[in-house]
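This report describes the sheets and helix packing of one protein model. The sequence and structure are shown first, and the text then moves from strand pairing to helix contacts.

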Amino acid sequence: MRRGVLAVHADCLPLTGQTPRISLGEGETPLLPAPAVARAVGGGIKVWLKWEGANPTGSFKDRGMVLAIAKALESGSRAVACASTGNTAASAAAYAARFGLKCLVVVPAGHIAMGKLAQAMVCGAKAVAVRGSFDQALTIVRELAEGHGVTLVNSVNPFRLEGQKTAAFEVVDDLGCAPDCLCLPVGNAGNITAYWAGFKQYHAAGRAASLPRMLGFQAAGAAPLVTGAPVLKPETFATAIRIGAPASREGALAARDESGGLIDSVTDEEIRQAWILLAREEGVFAEPASAASVAGLLKASRAGRLAGARQVVCVLTGHGLKDPEAAFGATGQVEQVEADIGSVARAAGLA
């Protein structure tokens with residue numbers, strides 16, 4: 001039975017005697033060996049996949065959401081709200097439904113995977129699509145929350161990042177040490193900020209002898225941390241990281257600089273190739289944005305930027321079933337044939 005991050009990591013989280021110990025069974029996600037990715041990287045480097053698609057709503061967002069919702073309940077809030085490219089909306093809606101809160105999600109029209117929107121709506125959230133970007137949606141929701149007594153549960157809520165840092169604890173506990181490098185996608189930049197906070201906390205407590213280099217990767221069409229300027233119209237098929245003005249920009253840059261790491265960009269084609277590699281050679285079906293971590297690792301390897309690394313962890317942030325349209329776009333439709341063995345054998349290349 002998965003106990004949930006508030007129970008497993010209570011000693012490392014800002015809980016009080018009044019914080020309800022709620023859970024949907026988040027956390028304790030697998031750390032999978034990735035031999036195919038390791039072969040592509042070369043150099044004898046061991047590669048591991050932190051598979052966050054195994055969380056209750058299929059993404060890493062559940063780790064932070066459970067604490068944000070618990071604190072909302074502790075404060076007496078009756079409603080929560082978020083802007084989202086999808087995963088935050090799905091997570092907020094699920095936890096709000098389970099624990100008796102109303103939920104509003106504001107999404108950028110035409111820029112959210114249908115699997116994620118479906119999750120939020122079937123859990124009873126009120127979904128509103130705005131004709132604009134995620135960044136515009138977040139501005140609206142922040143102002144709305146301030147004026148209407150609603151708890152904002154985006155990653156600007158500090159409890160979100162406090163919960164998300166528990167993934168770093170798990171990586172250290174599973175490996176027995178911190179990895180040499182941690183690779184992860186960067187969109188709104190909360191996750192790289194949270195992981196770094198988690199590694200530093202474990203290190204300060206003597207539970208990790210070293211700290212990893214943090215390697216964050218944005219999509220080339222949505223790479224404000226790489227270019228140094230906001231992207232007004234971010235574009236990438238990896239919708240979860242289609243963000244032009246990251247709310248946790250400063251935390252991400254601090255993680256990069258303090259760890260001696262990097263934040264770089266990868267093209268949609270590089271993300272797509274890594275995404276297919278994960279599915280066809282590792283058997284892990286992640287959402288496209290997740291594959292930015294692997295695409296970035298491969299790019300860093302080609303550029304000779306992994307000197308001294310022996311163990312690398314790539315964070316896969318969400319499940320592929322959240323974005324089925326992307327999968328069919330990459331693989332094509334199922335071939336239809338007559339219902340006889342000959343037709344099936346010919347279609348399968350067996351005749």
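Strand 7 (residues 181–185) and strand 8 (residues 213–219) are joined by 5 bridges and run in the parallel sense. Within this pair, cysteine 183 has leucine 215 of strand 8 as its bridge partner. The model is predicted, so to speak of local features pLDDT of at least 70 is needed, side-chain atom pairs count only at pLDDT 80 or more, and totals for chains, interfaces and linings use all residues. Residues are numbered from 1 along each chain as its sequence is written, and side-chain values use heavy atoms, with hydrogens and water left out. Helices (H or I, at least four residues) and strands (E, at least two) are DSSP runs numbered from the N terminus; two strands pair if DSSP finds at least two bridges between them.

**Sheets**

Strands 7 and 8 belong to an open sheet of 6 strands in the order 1-2-10-7-8-9, with mixed pairing. Strand 1 and strand 9 (262–266) are at the edges with a single partner strand each, so one side of each has no neighbour in the sheet. From one strand to the next, the twist averages 25°. In general, strands of a sheet pair through backbone hydrogen bonds, either parallel or antiparallel. A second open sheet consists of 4 strands in the order 5-4-3-6, and its pairing is parallel. Its edge strands, strand 5 (126–130) and strand 6 (151–152), each pair on one side only. The table lists strand pairs from the two sheets.

| Strand pair | Sense | Bridges | Opposite residues |
|---|---|---|---|
| Strand 1 (residues 31–33) and strand 2 (residues 46–51) | antiparallel | 3 bridges | proline 33 and tryptophan 48 |
| Strand 2 and strand 10 (residues 311–316) | parallel | 6 bridges | leucine 49 and cysteine 314 |
| Strand 4 (residues 102–108) and strand 5 | parallel | 5 bridges | valine 105 and alanine 127 |

**Helices on the six-stranded sheet**

Contact here means heavy atoms within 4.5 Å. Axes are lines fitted to C-alpha atoms, for helices over the stretch in contact, and angles run from 0 to 180 degrees between N-to-C directions. In the sheet with the order 1-2-10-7-8-9, helix 8 touches strand 1, strand 2 and strand 10, and its direction makes about 135° with that of strand 2. Helix 12 also packs on this sheet, touching strand 1, strand 2, strand 8, strand 9 and strand 10, at about 90° to the direction of strand 9.

**Helix pairs**

Helix 8 (residues 166–175) packs against helix 9 (residues 190–204) at about 50°, with the axes 7 Å apart. This angle makes helix 8 oblique to helix 9; angles under 35 degrees count as roughly parallel, over 145 as roughly antiparallel, 65 to 115 as roughly perpendicular and the rest as oblique. Helix 8 contributes Ala167, Ala168, Phe169, Val171, Val172 and Asp173 to the contact, and helix 9 contributes Tyr195, Gly198, Phe199, Gln201 and Tyr202.

Helix 12 and helix 14 (residues 324–331) pack at about 90°, their axes being 12 Å apart. These two helices are therefore roughly perpendicular to each other. Trp275, Ile276 and Arg280 of helix 12 meet Ala326, Ala327, Ala330 and Thr331 of helix 14.

**A buried loop residue**

Serine 290 lies in the loop between helix 12 (268–282) and helix 13 (292–302). Its relative accessibility is 0%, so serine 290 counts as buried (under 20% relative accessible area; exposed is over 50%, partly exposed in between, with a 1.4 Å probe and protein chains only). Not counting residues up to four places away in sequence, serine 290 touches Pro185, Val315, Leu316, Thr317 and Gly318.
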